[in-house]
Amino acid sequence: MNQKKRLLRRRITICFLLFILLTSSGSAAWLYLTPSGSNWRYMLADTLITTQHRYLAKYLIGQDELNRRVDDYFNRFDAMADVKDNHNVQLPKKIDAKVEVEAIQGKNYIGHILYVHDPKMIRVVTTSIKGQGEQILNMMKRTGAIAGVNGGAFDDPNWDGNGFKPGGIVMSGGKLLYSDVGMNTLVNVVGIDKNGLMVAGRFKPSDLQKMGVSDAVSFQPKFIVNGKGLIKNEAEGWGIAPRTCMAQKKDGTIMFLVIDGRQPGYSIGATLYDAQHILLEKGAVTAANLDGGSSSVLVKDDRVVNKPSSSYGMRYLPTAFLVFNHPNQVAVTNIWDGVDMNRFDSTYKPFALNGNGVTAHEASRRTETVAKHTYNHSK
């Protein structure tokens, strides 16, 4: 079964389940007339908002409430991004180069944490295929990486899994390889500087270079700053989904959290509030969200550690955070140089969902394009 048929089948399934849910008198009464039902209804709506099926949330909360809720998330994420980070990290003079994986489990989820004790071992690696994204396992084998996770936002024209066009910016080895904003426009980023310090929040590309940022991609939100969580409760956790997050401990250790989801009987997924709780318990002083959903994948020693939710295997991605024994020997070229990127922009298709789950109509009415579109594109 090809990807478009799988996507169509998933949409039909979701619509059918919503139809059953909303036409059952008992379910409808519980959903709309009780506090617990209302909480569950909004949680389900938030879960749909984080996918390419965002429009379906209107059947649960109405179009006006959907628009208000999406705008509220964007505004809240921007405010979180602007919280000042005091960078309470002290890198030891001698750092253990060990890379290890810990399995974790909660009430509704199963996941893993990748610990990279030397943050300077991490590089952003990009697809090597002109006009096409690349599966992370292939990136890893091609470059000699020892571990890694998926990276930042990207556009997905026609929902066909092309994975070539990033959203926001891409930096690798101190070079700005891609940017769809001006050098003095604020953009959400998650990355690391040349000294091994994690950087997350809204920055101008010109400032990222002055700050000595080495490797970065675009996504949001930043949700732990100075050792404190910014997500107040489960209701603000942005729905239940597979997750990939990046965090840093006080000793400089980078943690990549990958949680599986959308697999009943195995792992449903987690909210960002869940992710925040996990990472605070593990000692995170800084943490930020990366691309999730069917993109969430963790690789180590040439194998996939987790169980990605995509029914057609690992997604084709433009970027990944990979870990190397000799990161300075890794050469990452600008695969997007000289390519007409408008060919890969689904936002120009009338009333179609773009790669970040945003309709063209929504995109046209938003002025802060990048801040709004580095939300989540997951299928």
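## A walk through the model

Start with everything shown as cartoon: the protein has 10 helices and 19 strands. Keep in mind that this is a predicted model. Colour by burial next, and 58% of the 379 residues come out as buried. If you like contact maps, take the contacts with a separation of 6 or more: 71% of them join residues 24 or more positions apart.

**Stop 1: salt bridges around α5**

The whole structure holds 10 salt bridges. Select R69 and D46 to see one of them, with the closest N and O atoms 2.6 Å apart. R69 sits in helix α5 (residues 63–81) and D46 in helix α3 (residues 35–49), so this pair ties together parts that are 23 residues apart in sequence. Are these two buried or exposed? Switch on a surface and check: R69 is buried, and D46 is buried too.

Now step back one residue to R68 and add E65. Their side chains meet in a salt bridge, at 2.7 Å from N to O. Here both partners belong to helix α5, three residues apart, or about one turn of the helix. R68 has 40% relative accessibility, so it counts as partly exposed.

**Stop 2: from K282 to E102**

Select K282 and E102 next. This is another salt bridge, and its closest N and O atoms are 2.9 Å apart. Where do the two ends sit? K282 is in the loop between α8 and β16 (284–289), while E102 is in strand β1 (residues 99–105), so the bridge ties together parts that are 180 residues apart in sequence. K282 is partly exposed, with a relative accessible area of 25%, and E102 is partly exposed as well, at 26% relative accessibility.

Before leaving the charged pairs, put D78, D82 and R202 on screen together: salt bridges with shared partners join them into one network.

**Stop 3: helix α8, end to end**

K282 was in the loop after α8, so slide back along the chain and select residues 272–281, which make up that helix. Zoom in on the start of α8 first. There, a side-chain oxygen of T271 comes to within 3.2 Å of the backbone nitrogen of Y273.

Which residues of α8 are buried? Show L272, D274, A275, Q276, I278 and L279 as sticks and you have them. Then go to the other end, where G283 follows the helix with a positive phi, near 95°.

**Stop 4: a cavity**

Rolling a probe the size of a water molecule over the atoms shows where empty space is left. With a threshold of 30 Å³ or more, the search of the whole structure turns up one cavity. The largest cavity has about 40 Å³ of space in it.

To display its walls, select F77, A81, N188, V189, V190, A200, G201, F219, Q220, P221, K222 and A288, the residues lining the largest cavity. Colour that selection by element of secondary structure: α5, β9 (187–193) and β10 (198–203) each supply at least two residues of the lining. Which of the elements gives the largest share? That would be β9, with three residues.

Finally, recolour the lining by residue class. For the largest cavity you get eight nonpolar, three polar and one charged residues. Helix α5, home of R69 at the first stop, is back in the picture here as one of the elements supplying the lining.

Terms used: Residues numbered from 1 in each chain as written. Predicted model: local features only at pLDDT ≥ 70, side-chain atom pairs only at ≥ 80, totals over all residues. Heavy atoms only, no water. Buried < 20%, exposed > 50% of the residue type's maximum accessible area, 1.4 Å probe, protein only. Helix = DSSP H or I, 4+ residues; strand = E, 2+ residues; numbered from the N terminus. Polar contact = N/O pair within 3.5 Å; in protein donor to acceptor, adjacent residues only side chain to side chain. Salt bridge = Lys/Arg side-chain N within 4 Å of Asp/Glu carboxyl O. 1 Å grid on protein atoms, 1.4 Å probe; cavity = no way out; pocket = protein on both sides within 12 Å on 5 of 7 lines; lining within 4 Å. Points joined across faces, edges and corners; volume = space filled by probe spheres on them. Nonpolar A, V, L, I, M, F, W, Y, C, P; charged D, E, K, R; others polar. Contact = heavy atoms within 4.5 Å.
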